Number of protein chains: 2
Amino acid sequence: MEKELLTSMTLTGWQSLNKRIEKLVDGLTDEQLQAEVAPGRNRGIYLLGHMATVSDMMLPLLGLGTALKPEYQAIFVSSPDKAVKELPSATEVKSYLKEVNATLNGHFAKMNADDWFKKHTQVSDEDFAKEPHRNRLNIILSRTGHHNYHLGQMAFLQPKA
Amino acid sequence: MEKELLTSMTLTGWQSLNKRIEKLVDGLTDEQLQAEVAPGRNRGIYLLGHMATVSDMMLPLLGLGTALKPEYQAIFVSSPDKAVKELPSATEVKSYLKEVNATLNGHFAKMNADDWFKKHTQVSDEDFAKEPHRNRLNIILSRTGHHNYHLGQMAFLQPKA
């Protein structure tokens, strides 16, 4: 009972956060996305690609398949902003974000509460026996924190109220 | 079993986030905290007070007692930054943050997993029967999101790497 409840609380939090991110991004022009979120900091387009790629990497991490665009990891995760000469276009990255979210949601809809308490793919059976918190649901918790952190920064791309 | 595990995962996430916030704030001078996190946005001192007050308000919300400084709600939650003429000093707000965190942690150490699935004080028995996700643990999840969002912004007060 609590297992189902907590799984659904965690997933609802993740999904509503991603809806907020999509809504924010949809309200920004390509030009706004090319701007730095604060002077000398990451550009909007980089943070958008960064969040989408981190979400995409959850597919292999949760054992749900391969990433949709594994080549984005070198651009948006292993490299800091401005290290890569030309980033994919804003249109491309926006549609990637939505595709990743839809793909994850499609998988999540088929998973039950017990599935969420199974280990993720980056922990061994031995370690998981000792550290049962290294399960799939914990990935959702940590990625929710990650995305909230960057959403607070992306919000600065919007005109001041 | 999963109940204990998920409660502990959620609380660990909350507590390590608050340690990160304390560490960031400890590394900032009073002068740095007086700066806006980005041009025209909230000042560090305001965001610090805002996060600490939102945490403090969890005491009554979780049924653990009264807020340590209920008078801060008018300054840091109901009012936007710059609406209140003089904010409490950085020293005062830093020590408030730590006192709030220590007080919450003291209460949390005495709570068991079942306590976390009880309703919080802002939901009626009738509504809680229909919406069991409106429990105390969900407050931790949502406040973790809230604090991560603002931590991402506060990070801009640090010199660029």
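Visitor: How do you know by what turn and what shift chain B can be laid on chain A?

Guide: In this predicted model, local features need pLDDT of at least 70, side-chain atom pairs count only at pLDDT 80 or more, and totals for chains, interfaces and linings use all residues. Residues are numbered from 1 along each chain as its sequence is written, chains are lettered from A and ligands numbered from 1 in the order in which they are written, and side-chain values use heavy atoms, with hydrogens and water left out. The copies are superposed by least squares on the C-alpha atoms of residues with pLDDT of at least 70 in both. A turn of 180° with a shift of 0.0 Å along the axis lays chain B on chain A with an RMSD of 0.0 Å. This is therefore the relation of a two-fold axis. The C-alpha of B:Y149 is the one in chain B nearest the axis, 2.2 Å from it.

Visitor: What makes a residue of chain B count as in contact with chain A, and how many are in contact?

Guide: Contact requires heavy atoms within 4.5 Å. By that rule, 32 residues of chain B are in contact with 32 residues of chain A. The same surface serves both copies, since 100% of the contact residues of chain B recur in chain A.

Visitor: What area is buried between chain B and chain A?

Guide: The buried area is about 2,800 Å², and carbon and sulfur atoms give 72% of it. The term denotes the accessible area (1.4 Å probe) that two parts lose on being put together, summed over both. B:R41, B:Y149 and B:F156 supply 24% of the area that chain B buries against chain A, more than any other three residues.

Visitor: Why is the pairing of A:K3 and A:D114 called a salt bridge?

Guide: The definition asks for a side-chain nitrogen of Lys or Arg within 4 Å of a carboxyl oxygen of Asp or Glu. The side chains of A:K3 and A:D114 meet at 2.7 Å, N to O, so the pair qualifies. Between chain B and chain A, the count of salt bridges is zero.

Visitor: Why is the aromatic pair of A:Y46 and A:F76 called tilted?

Guide: Rings of Phe, Tyr and Trp (its six-membered ring) pair if their centres lie within 6.5 Å; planes under 30 degrees apart count as stacked, over 60 as edge-to-face and the rest as tilted. For A:Y46 and A:F76 the values are 6.0 Å centre to centre and 50° between the planes, so the pair is tilted.
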